[in-house]
Amino acid sequence: MHDSCMGKTITIDDDAYKLLSSLKRGARDSFTQVIMRHIHKPAETCGELLDATANDPAPRVDLGVLKRIAANRGRRSGGRR
C-alpha cells in the first residue's frame with residue numbers, strides 16, 4: 001500500500017479522470033493506488049523486466065477469440081473470401 005502524508009496536486013482532463021475512476025476497485029481505492037497498479041517505470045534491463053513482471057497475474061485470455069483466430073489463420077482479412 002502506498003500511503004503518504006505529503007501529496008502533490010495534478011491537473012488532468014475529464015477523459016483521464018473518467019479512465020482513472022473506471023479503474024478503481026472500490027470506494028476505498030485511491031487514485032494513487034490505481035496509478036501505481038497500472039503505471040510502471042520502463043525496464044532498462046532484462047533483469048528489471050523480469051522483476052517488474054514476476055508478480056503480475058496471468059493475462060486474461062478469451063479462448064473463443066483464440067479459437068476463431070486459429071480457425072481463420074491464413075485467410076485474408078476483409079475483401080475476398
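How many salt bridges does the structure hold? The answer, 1 salt bridge, is taken up in point 4 below, after the overall layout has been described.

1. Overall layout. This is a predicted model, and its secondary structure comes to 4 helices and 0 strands. Read from the N terminus on, the elements follow the order α-α-α-α. Of the 81 residues in the protein, buried residues make up 5%, a figure worth keeping in mind when individual buried residues are discussed below.

2. The packing of α1 and α2. Helix α1, which covers residues 14-23, packs with helix α2, which covers residues 31-38, at an angle of about 85°, and the two axes are 9 Å apart. Because angles of 65 to 115 degrees count as roughly perpendicular, α1 is described as roughly perpendicular to α2. On the α1 side the contact involves Tyr17, Leu20, Ser21 and Leu23, while on the α2 side it involves Phe31, Val34, Ile35, Arg37 and His38. Sorted by class, the residues of this contact are 6 nonpolar, 2 polar and 1 charged.

3. The start and the cover of α1. Aspartate 13 caps the N-terminal end of α1, and in this cap one of its side-chain oxygens lies 3.2 Å from the backbone nitrogen of aspartate 15. Although α1 takes part in the contact with α2, the helix is hardly covered, since the count of buried residues among its 10 residues is 1.

4. The salt bridge. The partners are arginine 37 and aspartate 29, whose closest N and O atoms are 2.6 Å apart. Are these two partners buried or exposed? Arginine 37 has a relative accessible area of 25% and is therefore partly exposed, whereas aspartate 29, at 9% relative accessibility, counts as buried, because buried means under 20% relative accessible area.

5. The surroundings of aspartate 29. This residue lies in the loop between α1 and α2. Besides forming the salt bridge with arginine 37, aspartate 29 uses its side chain to reach the backbone nitrogen of arginine 25 at 2.8 Å. When residues up to four places away in sequence are not counted, aspartate 29 touches Leu23, Lys24, Val34 and Arg37. Two of these names, Leu23 and Val34, also appear in the contact of α1 with α2, as does Arg37.

6. Glutamine 33 in α2. Glutamine 33 lies in helix α2 and is buried, with a relative accessible area of 18%. A polar atom of the glutamine 33 side chain lies 2.7 Å from the backbone nitrogen of serine 30, so a reader following the structure can look for this pair by starting from either residue.

7. Helix α4. Helix α4 covers residues 63-71, and because the number buried among its 9 residues is 0, this helix lies largely in the open. At the start of α4, a side-chain oxygen of aspartate 62 reaches to within 3.0 Å of the backbone nitrogen of glycine 64.

Methods:
Residues are numbered from 1 along each chain as its sequence is written. This is a predicted model: local features need pLDDT of at least 70, side-chain atom pairs count only at pLDDT 80 or more; totals for chains, interfaces and linings use all residues. Side-chain values use heavy atoms; hydrogens and water are left out. Axes are lines fitted to C-alpha atoms, for helices over the stretch in contact, and angles run from 0 to 180 degrees between N-to-C directions. Helices (H or I, at least four residues) and strands (E, at least two) are DSSP runs, numbered from the N terminus. Angles under 35 degrees count as roughly parallel, over 145 as roughly antiparallel, 65 to 115 as roughly perpendicular and the rest as oblique. Contact means heavy atoms within 4.5 Å. Ala, Val, Leu, Ile, Met, Phe, Trp, Tyr, Cys and Pro count as nonpolar, Asp, Glu, Lys and Arg as charged, and the others, Gly among them, as polar. Buried means under 20% relative accessible area, exposed over 50%, partly exposed in between (1.4 Å probe, protein chains only). A polar contact is a pair of N or O atoms within 3.5 Å; within protein, one must be able to donate a hydrogen and the other to accept it, and residues adjacent in sequence count only if both atoms are side-chain atoms. A salt bridge is a side-chain nitrogen of Lys or Arg within 4 Å of a carboxyl oxygen of Asp or Glu.
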